[in-house]
Number of protein chains: 2
Amino acid sequence: MHEKFEQLDSNKKLKIIEAALEEFSTYDFQHASTNRIVKNAGIGKGMLFYYFNSKKDLYTYLMHYCLDRIYSQMVSQLETAIQEAKGDFIERYYVTARLKSEYMGEEPHVFNFMSSLILQDFAELPNDIQQKVNTLQQQAYDLLYKDIDLSLFKNDIDSEKALNLVKWSLDGYQQELEQKLKGEQIISINLKEYWDEFYEYLNLLKKVYYQ
Amino acid sequence: MHEKFEQLDSNKKLKIIEAALEEFSTYDFQHASTNRIVKNAGIGKGMLFYYFNSKKDLYTYLMHYCLDRIYSQMVSQLETAIQEAKGDFIERYYVTARLKSEYMGEEPHVFNFMSSLILQDFAELPNDIQQKVNTLQQQAYDLLYKDIDLSLFKNDIDSEKALNLVKWSLDGYQQELEQKLKGEQIISINLKEYWDEFYEYLNLLKKVYYQ
DNA sequence: TAAATATTGACCACAGTGGTCTACATGTGT
DNA sequence: ACACATGTAGACCACTGTGGTCAATATTTA
């Protein structure tokens, strides 16, 4: 299908993919512009349609590209990280959030594209894409929630609700962190500071929810 | 400036405003289409430019319209709601979240437009708009955080961090609720169920953070 | 050197743009 | 009944941008 494109020098390939991902993250399919994509990718208009049959073909390629990439990179990492956290849900969610943050730093285009994808009407996506997304979400969910040690929680609280509250708390901190980092330059010293602060919140959560 | 528009029958006025708000919530200023606005508002193209000088003029009008509306409707309600909650931060945040949800149900177009507004680069907005937004945010912040009774919290926890954790927890629940309500028809019975559940979460939060 | 392949961007027919203006409908005061 | 002001629609304008093509070239390969 895309032999010509796959045979390309990987730098050039990446540049085209990133330009396209950025365009499709910013505009929905209809309003995304192949002209802007080729301009940002630094290639002539003709090449895009030499590699891909159509705009739709490119879009479909990108969906599979991102899903496969996330799958191959995230699942194994998540597996080992969660294994280390054992049955401690707070630790589990912490390492998950941290992995997510790191991935967002490494591959922002992939991340943003996937974010905009799942915001769309799920039913409009091709079946194979829907299936891949479902599989991925199911796997992540299983890893996070299977064999949690509920005995860590205080006896007199509803542990199911407590799990949600922990989740929302850490999601909230993460969102705030993202917002902060948008404003300033990302200096790794600051970053360490933030992760330290994260850890303090973690300890507070353990203090109030665990016995 | 817009005498002709203001003199309009209020139903017609509202229909135009809502069509425009929806368009500007969906697309950024450049890609919003006056053609779609007049089509959705059910008026001829000429009328829009009879009421407003230009697309930009309409956009500016909408920003002021929404800010004034939110200001006049929210601030007083928030004031009395928070007074009832006294120094109890968890109660304060609960009533705030509830007000926000109710407003979103009543005026979704205004709400969505404002959401998309503040996601933009703040610096690009006109100065008077920036000022209005700042005033509004400051007032809401003051109402929420002034004279909180910190003695309600357990002694051995960092109350500043606890405030954030409570905030993130309730934000998280609210977001999940919104997502759920998008899927199904909004039946007021369900809605009651959700607010009851919200209250259970509230009690759990009080149990773990308050002494 | 010739053939094969990679690459470009001018070009196409067309869709959509913000905004104008003419022609007509409706109302108002006499 | 009429004249005049105001309200309204949408055809129309010049223009920008669209996805996609293709003939012309540059580059690689044999």
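**A helical pair of chains**

According to an unreviewed UniProt entry, residues 33-52 of chain A carry the annotation "DNA-binding region". Keep in mind as you look around that this is a predicted model. Chain A holds 10 helices and zero strands, and chain A can be laid on chain B with an RMSD of 0.0 Å.

**The annotated stretch**
- The span of residues 33-52 in chain A is 75% helix and 0% strand.
- From one end of this span to the other, the C-alpha atoms of the end residues lie 15 Å apart.

**The build of chain A**
- Reading from the N terminus on, you will meet the elements of chain A in the order α-α-α-α-α-α-α-α-α-α.
- The C-alpha trace of chain A spans about 65 × 40 × 30 Å along its principal axes.
- How much of chain A is buried? Of the 211 residues in chain A, 20% are buried.
- Take the contacts in chain A with a separation of 6 or more: 70% of them are accounted for by residues 24 or more positions apart.

**How the two copies fit together**
- In general, two copies of a chain are related by a rotation about an axis and a shift along it.
- Here, a turn of 180° with a shift of 0.0 Å along the axis lays chain A on chain B.
- The two copies are therefore related as by a two-fold rotation axis.
- Why can we say that the copies meet through the same surface? Because 100% of the interface residues of chain A are also interface residues in chain B.

Conventions:
Residues numbered from 1 in each chain as written. Chains lettered and ligands numbered in written order. Predicted model: local features only at pLDDT ≥ 70, side-chain atom pairs only at ≥ 80, totals over all residues. UniProt positions renumbered as here; feature names shortened; annotations may be inferred. Helix = DSSP H or I, 4+ residues; strand = E, 2+ residues; numbered from the N terminus. Buried ≥ 20, exposed ≤ 12 C-beta atoms within 10 Å, placed from the backbone. Contact = placed C-beta atoms within 7 Å. Least-squares fit on C-alpha atoms with pLDDT ≥ 70 in both.
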